[in-house]
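Here are a few exercises to work through with the model open in your viewer. Try each one before reading the solution.

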Amino acid sequence: MSKTKYLISGEISEETIHKTVMEWVRFNPLLKRLVLHFPNEGRRSIRYGKLLKDMGMRAGVSDLFIAMGNHGYLGAWIELKSTQGTVSEAQTDFLKDMSEQGYFTAVCWSIDEAINLIKWYCRLDRKSTRLNSSHGYIS
């Protein structure tokens with residue numbers, strides 16, 4: 001189980017949201033093979049950053065990718081944020097680009113929201129038959 005990290009405000013950090021969601025994903029034999037994270041965050045040297053960029057790294061890539069078509073989409077890109085977080089211009093551009101290519105895109109602001117979205121998208125929760133736009137989904 002991941003250690004909970006809190007922001008100064010007392011809110012759960014984005015790192016804790018991410019790790020907790022992935023712990024939940026790993027309990028599902030199907031999801032653990034299809035939900036992916038692309039390590040795009042963190043500090044690195046200028047030289048290593050240039051190498052990664054030369055190899056195709058793009059700023060703003062979402063935290064999670066679901067490699068499964070569903071609901072008429074090719075797959076899903078999910079950006080995770082703490083309630084204190086903000087979506088950067090690069091992240092907004094990435095989500096827009098992916099949406100235009102036929103992918104479902106969303107920003108989730110809590111552990112529950114992310115898990116419920118994954119359940120809906122992957123049809124794990126048969127009660128979730130429609131999208132609730134009040135949760136900040138961007139698709």
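**Exercise 1.** How many residues does helix α1 have, and what span does it reach from its first C-alpha to its last?

*Solution.* Bear in mind that this is a predicted model. Step one: helix α1 covers residues 14-26, which gives 13 residues. Step two: take the expected rise of 1.5 Å a residue, which leads to 18 Å. Step three: check the model, where the first C-alpha and the last are 18 Å apart, close to that expectation.

**Exercise 2.** Work out which residues of α1 are buried, and what they pack against.

*Solution.* Start with the list: Thr-16, Ile-17, His-18, Val-21, Met-22, Glu-23 and Val-25 are the buried residues of α1. The spacing in such a list is worth a thought: an α-helix has 3.6 residues a turn, so residues three or four places apart point the same way. Next, look at the partners: the buried residues of α1 pack against two helices, α2 (31-34) and α5, as well as strands β1 (35-37), β2 (64-66) and β3 (76-80). To place those elements, read the order from the N terminus: α-α-β-α-β-β-α-β-α, made up of 5 helices and 4 strands.

**Exercise 3.** Find the salt bridges that sit within a helix, and say how accessible their residues are.

*Solution.* A search of the whole structure turns up 4 salt bridges. In helix α1, Lys-19 pairs with Glu-15, at 4.0 Å from N to O. These two residues are 4 apart, so about one helical turn separates them. Both ends count as partly exposed: Lys-19 has 38% relative accessibility, and Glu-15 has 38% as well.

Now go to helix α4 (residues 89-100), where Lys-96 and Glu-100 also lie 4 residues apart, about one turn. Their side chains meet at 2.8 Å, N to O. Lys-96 is partly exposed at 48%, whereas Glu-100 is exposed at 52%. The cut-off matters in that last step: a residue counts as exposed over 50%.

**Exercise 4.** Which residues are linked with Glu-79 in a network of salt bridges, and is Glu-79 buried or exposed?

*Solution.* First, the network: Glu-79 is linked with Glu-14 and Lys-81. For the Lys-81 to Glu-79 bridge, the closest N and O atoms are 3.7 Å apart. Second, accessibility: Glu-79 has a relative accessible area of 1%, so it is buried, and Lys-81 is buried too. Third, the surroundings: Glu-79 lies in strand β3, and its side chain makes a 3.0 Å polar contact with that of Gln-91. Leaving out residues up to four places away in sequence, Glu-79 touches a set of neighbours that includes Val-61, Ser-62, Asp-63, Leu-95 and Cys-108.

**Exercise 5.** Now try a buried acid without a salt bridge: how far from Glu-113 is the nearest side chain of opposite charge?

*Solution.* Locate Glu-113 in helix α5 (residues 111-121). The nearest opposite charge is on Lys-81, 12 Å away, and Glu-113 has no salt bridge although it is buried. Next, look for another polar partner: a polar atom of the Glu-113 side chain lies 2.5 Å from the backbone nitrogen of Trp-109.

**Exercise 6.** What percentage of the residues of the protein count as buried?

*Solution.* Of 139 residues, 37% count as buried. For the outside, the accessible surface comes to about 8700 Å², with 54% of that belonging to carbon and sulfur atoms.

Terms used
Residues are numbered from 1 along each chain as its sequence is written. This is a predicted model: local features need pLDDT of at least 70, side-chain atom pairs count only at pLDDT 80 or more; totals for chains, interfaces and linings use all residues. Side-chain values use heavy atoms; hydrogens and water are left out. Buried means under 20% relative accessible area, exposed over 50%, partly exposed in between (1.4 Å probe, protein chains only). Accessible areas come from the Shrake-Rupley method with a 1.4 Å probe; for residues, only the protein chains shown count as cover. Lys and Arg count as positive and Asp and Glu as negative; His and the chain ends are not counted. A polar contact is a pair of N or O atoms within 3.5 Å; within protein, one must be able to donate a hydrogen and the other to accept it, and residues adjacent in sequence count only if both atoms are side-chain atoms. The expected span of a helix is 1.5 Å times one less than its number of residues. Contact means heavy atoms within 4.5 Å.
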